[in-house]
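User: Could you take a close look at one part of this model for me, starting from a single residue and working outwards? I'd like to know what surrounds it and how the neighbouring elements are put together.

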Amino acid sequence: MTKFTVNNQPVEYKLDPRTPLLWALRDASNLTGTKYGCGTGDCGACTVELDGEAVRACVTPIGAIEGSFVTTIEALSRERDHPVQQAWIEKNAVQCGFCTPGMIMAAAVLLKKNRDPSEEEIEAAITNICRCGVYPRVIEAVQLAARIQRGDETVQGPPRPNISPEDAAKLVPALTPPKK
């Protein structure tokens with residue numbers, strides 16, 4: 001049995017200690033925001049925060065993290081009001097969205113350590129692969145998130161979760177469907 005904390009909740013996994021953290025999170029805890037991409041730690045789709053560091057969950061065996069603290073995309077903010085989430089939406093840094101949770105987690109960890117990262121520091125910290133190529137928008141989003149986090153800038157923010165499409169369209173004009 002392996003014990004550690006996931007999203008501020010103590011967990012005990014009755015899995016083989018060699019089980020990758022990714023599969024413990026997705027299969028045993030039903031935290032499916034952390035994505036499986038390559039399985040080799042190269043793409044970053046599975047990035048989570050582990051004791052204050054951005055790590056690739058697909059290559060992190062649960063037996064190696066006994067007593068650790070893990071944060072997944074689900075715990076960043078259920079209301080989507082974390083500065084990184086706000087900036088991602090504001091800068092439209094999502095295309096297909098598959099890499100998004102891992103990139104957001106890498107960005108959140110970076111901004112915990114560095115309140116004003118340079119473009120080079122952002123590129124060094126976020127090595128995730130995006131098949132759609134949103135890298136320029138990711139850099140802009142991280143820079144905006146840093147400004148939001150410092151209180152230098154604000155954004156309107158996205159509609160709340162579970163809002164009806166009609167109400168969302170009233171809040172975000174771009175969501176208004178074209179007239180027939």
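Analyst: Happy to! Let's start at L144, which is in contact with A87, E90, K91, E153 and V155 once its neighbours within four places in sequence are set aside (contact means heavy atoms within 4.5 Å). Before going further, please keep in mind that this is a predicted model, in which local features need pLDDT of at least 70 and side-chain atom pairs count only at pLDDT 80 or more, while totals for chains, interfaces and linings use all residues. Residues are numbered from 1 along each chain as its sequence is written, and side-chain values use heavy atoms, with hydrogens and water left out.

L144 is found in helix α6 (helices are DSSP runs of H or I with at least four residues, strands are runs of E with at least two, and both are numbered from the N terminus). L144 is buried, with a relative accessible area of 1% (buried means under 20%, exposed over 50%, and partly exposed in between, using a 1.4 Å probe and protein chains only). One of its contacts, E90, lies 54 residues away in sequence, yet the two C-alpha atoms are 8.7 Å apart in space.

E90 takes us to helix α3, which spans residues 83-90. Of its 8 residues, 6 are buried, so α3 is largely enclosed by the rest of the structure. The buried ones are P83, V84, Q85, Q86, A87 and W88, and A87 is also among the contacts of L144. The cover over these buried residues includes α2 (73-76), α4 and α6. Just after α3 comes N92, with a positive phi near 55 degrees.

Now for the helix packing. The axes of α3 and α4 come within 9 Å and cross at roughly 125 degrees (axes are lines fitted to C-alpha atoms, for helices over the stretch in contact, and angles run from 0 to 180 degrees between N-to-C directions). The two helices are therefore oblique to each other (under 35 degrees counts as roughly parallel, over 145 as roughly antiparallel, 65 to 115 as roughly perpendicular, and the rest as oblique). The crossing of α3 and α4 is right-handed (the near helix is turned clockwise from the far one by less than a right angle; anticlockwise would be left-handed). On the α3 side, the contact is made by V84, Q85 and W88, and on the α4 side by T100, M103, I104, A107, A108 and L111. By class, that makes 7 nonpolar, 2 polar and no charged residues (Ala, Val, Leu, Ile, Met, Phe, Trp, Tyr, Cys and Pro count as nonpolar, Asp, Glu, Lys and Arg as charged, and the others, Gly among them, as polar).

Helix α4 (residues 100-113) also packs on α6 (residues 135-150), at an angle of about 40 degrees and with the axes 11 Å apart. This pair, too, is therefore oblique, and its crossing is right-handed. M103, A107, L110 and L111 of α4 meet Y135, V138, V142, A145, A146 and Q149 of α6, a contact of 9 nonpolar, 1 polar and no charged residues. M103, A107 and L111 of α4 take part here and in the contact with α3 as well.

From α4 we reach the sheet: this helix lies across β3, β4 and β5, running at about 35 degrees to β3. The sheet is open, with 5 strands in the order β2-β1-β5-β3-β4 and mixed pairing (two strands pair if DSSP finds at least two bridges between them). At the edges stand β2 (9-13) and β4 (53-56), each with a single partner strand, so one side of each is left without a neighbour in the sheet. The twist averages 40 degrees from one strand to the next.

Strand β1 (residues 2-6) is joined to β2 by 5 bridges, and the two run antiparallel; V6 stands opposite Q9 in β2. T5 also lies in β1 and counts as buried at 15% relative accessibility. Not counting residues up to four places away in sequence, T5 touches P10, S68, F69 and V70. Helix α1 (residues 21-28) lies across β1, β2, β3 (47-50) and β5 (69-71), at about 105 degrees to β2.

Two loop residues round off the tour. N30, between α1 and β3, has a positive phi near 60 degrees and is exposed, with a relative accessible area of 58%. D51, between β3 and β4, has a positive phi near 50 degrees and is partly exposed at 46%.
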